[in-house]
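Trainee: Please pick one position in this chain and look at it closely. Then work outward from there, so that I can place it against the rest of the fold.

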Amino acid sequence: MNAISSFENELVHLRAVGNLRSLHPLEHDGPYVLQHGRRMLNLSSNDYLGLASDEGLRAAFLDRLTPENFLMSASSSRLLAGDFPICGQVEELLAGMYGKEAALVFNSGYHMNVGILPALAGDNTLIVADKLVHASLIDGIRLSKAAFCRFRHGDMEQLDMILERSHAKYRQIIVAVESVYSMDGDKACLPQICDMKRHYGNVFIYVDEAHAFGVLGENGLGLAEEQGCIHDLDYICGTFGKALASVGGFIVCSRVVREYLVNRMRPFIYSTALPPLNWMWTLFLLRQLKDMKMRRRHLANLSAVLREALRDAGTIPLTSTHIVPLLAGESNQAARWAEQLQYRGFYVLPVRPPTVPEGTARLRFSLAASMKGKEIDNLAQNILEVKDGI
């Protein structure tokens with residue numbers, strides 16, 4: 001059998017078990033999407049604050065543009081000719097927001113996670129990661145020279161046992177977690193991990209705030225701000241492509257770490273920099289982030305309404321954020337539920353293996369501050385009707 005035939009057979013198998021993925025072009029209309037003439041509330045976006053669909057914000061930003069600053073390409077890496085003054089302005093602002101010495105921005109969250117750990121983790125390093133960290137973190141760990149083990153999701157007792165038996169064997173141990181887990185919508189317990197760091201001495205904490213940045217905390221800095229442990233964390237990472245409606249990833253850290261990454265992080269060194277136009281949009285939004293409290297509060301209220309409606313019916317696991325999963329089990333069941341909800345006007349997609357473990361296929365409802373209370377009430381009612389086969 002040649003390679004192409006093997007690929008075809010694998011695609012046939014994926015289709016049979018309900019795990020075949022495909023692209024779905026969509027037109028966007030505020031918090032709604034249009035596909036095949038059907039208008040649906042968009043529950044599959046990461047536009048948590050509703051900024052991407054805010055025409056007023058876009059108009060205010062466009063008023064600032066001129067032919068001179070409307071630059072669509074950096075045309076080189078930052079280490080060559082792509083380090084524009086706007087880059088330093090964004091990074092200085094980020095560092096100041098977190099009270100850290102420095103910050104560094106990357107082209108994407110994937111670049112961030114796939115590049116930082118291979119740069120920082122040498123032969124005498126152990127990386128201990130939560131079982132459910134994102135695929136980009138797993139890829140970064142695999143590319144590193146470090147030893148690697150995982151602990152059961154959210155199991156602080158097992159993490160402590162691993163650190164107890166391992167801390168004397170390695171120069172450094174990096175504990176890698178997400179703050180909000182994208183498939184379950186639950187939160188890490190960062191203060192407990194910080195306590196372990198203080199106890200063992202050679203432990204460093206890497207937190208990916210991708211799904212919390214902009215949404216959680218008084219100023220939108222994420223779970224670390226909400227749980228009061230920003231200054232105890234060594235590597236706080238996040239993305240601009242979700243709640244901030246821009247593009248790129250970032251780390252806030254020490255000056256030494258920033259300089260080391262500039263010299264050793266391959267995705268940073270060998271990538272063309274983000275276009276100056278994107279840096280300008282990011283800076284425009286970052287300067288307003290602390291004042292978006294009403295958006296964060298509204299999103300929290302919407303999320304609580306949906307969680308409680310489904311939890312009362314026993315349909316979701318414990319969760320406490322704007323990401324609300326509905327477990328279906330088998331992939332084909334998740335696909336059927338998604339199809340029925342789309343027919344009813346709700347754009348939600350099935351999440352299937354390998355994104356989640358076998359037997360845990362689900363629907364994932366991502367809420368946004370641009371949604372209204374009555375839309376969420378209607379969504380909850382329709383979810384229950386579809387699940388009960390009405």
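**From one helix residue outward**

Mentor: Start with Glu308, which sits in helix H12, residues 293-312. The model is predicted, so everything here is computed from predicted coordinates. With a relative accessible area of 37%, Glu308 is partly exposed, because that class runs between 20% and 50%. Its C-alpha lies 10.0 Å from that of Ser320, a residue twelve positions away in sequence.

Two other residues can be set beside this one. Gln381 belongs to helix H14, which spans residues 373-387. Its relative accessible area is 43%, so Gln381 also falls in the partly exposed class. Gln381 and Leu310 are separated by 71 residues in sequence, yet their C-alpha atoms are 9.0 Å apart.

Ile323 lies in strand E11, residues 323-329. Its relative accessibility is 0%, so Ile323 is buried. From Ile323 to Arg307 the C-alpha distance is 9.2 Å, across 16 residues of sequence. Beyond four places in sequence, Ile323 has a run of contacts at Val180, Tyr181, Ser182, Asp184 and Gly185, among others. Its further partners include Tyr48 and His211, as well as Arg364 and Phe365.

Phe365 leads on to the interior. Phe365 is among the residues with the most contacts inside the largest nonpolar core, a set of 120 residues. The others named with it are Leu94, Ile116, Tyr206, Leu261 and Leu306. In soluble globular proteins, nonpolar side chains tend to be buried together.

Helix H11, residues 276-286, gives this core its largest share, eight residues. The helix is mostly covered, with ten of its eleven residues buried. Among the buried ones are Trp279, Trp281 and Phe284, together with Leu277, Leu283, Leu285 and Leu286. Pro276, Met280 and Thr282 are buried as well. The buried residues of H11 pack against two helices, H2 (55-62) and H3 (85-98), and against strand E4 (102-106).

Ile116 shows what a well-connected core position looks like in this model. Leaving out residues up to four places away in sequence, Ile116 touches Phe106, Tyr206, Cys237, Ile251, Leu261 and Met265. Of these partners, Tyr206 and Leu261 are also on the list of residues with the most contacts in the core.

Next comes strand E9, residues 235-239, which holds Thr239. Thr239 has a relative accessible area of 6% and is therefore buried. Outside its neighbours within four places in sequence, Thr239 is in contact with Gly109 and Met112, with Ala210 and Phe213, and with Gly248, Gly249 and Phe250.

Strand E9 is followed by a loop leading to strand E10 (249-253), and Ala245 is found there. Phi of Ala245 is near 60 degrees, a positive value in a residue that is not glycine. Most residues other than glycine have a negative phi, and most peptide bonds are trans. At 17% relative accessibility Ala245 is buried, because the cut-off for that class is under 20%.

His36 also has a positive phi, about 55 degrees, and is not a glycine. His36 is in the loop between strands E2 (32-35) and E3 (38-42). Unlike the buried positions above, His36 is exposed, since its relative accessibility is 82%.

One peptide bond also deserves a check. The bond from Pro353 to Pro354 is cis, with omega near 10 degrees. Pro354 sits in the loop that joins strand E13 (350-351) to strand E14 (361-366).

Now the whole chain. Its secondary structure amounts to 14 helices and 14 strands. The radius of gyration is 22 Å, which agrees with the value near 21 Å for a compact globule of 390 residues. Along the principal axes, the C-alpha atoms fill a box of roughly 60 × 60 × 55 Å. Buried residues make up 53% of the 390. Of the contacts with a separation of 6 or more, 71% involve residues 24 or more positions apart.

As for the surface, the accessible area is about 18,100 Å², and carbon and sulfur atoms account for 52% of it. The chain has 40 positive and 42 negative charges, and the mean positions of the two sets are 1 Å apart.

To return to the starting point: Glu308 is a partly exposed residue in helix H12.

Technical notes. Residues numbered from 1 in each chain as written. Predicted model: local features only at pLDDT ≥ 70, side-chain atom pairs only at ≥ 80, totals over all residues. Heavy atoms only, no water. Helix = DSSP H or I, 4+ residues; strand = E, 2+ residues; numbered from the N terminus. Rg over C-alpha atoms; globule rule 2.2 N^0.38 Å. Buried < 20%, exposed > 50% of the residue type's maximum accessible area, 1.4 Å probe, protein only. Contact = heavy atoms within 4.5 Å. Areas by Shrake-Rupley, 256 points an atom, 1.4 Å probe, with all protein chains shown as cover. Lys, Arg positive; Asp, Glu negative; His and termini not counted. Charge placed at Lys NZ, Arg CZ, Asp CG, Glu CD. Core = buried A, V, L, I, M, F, W, Y, C linked by side-chain atoms within 4.5 Å.
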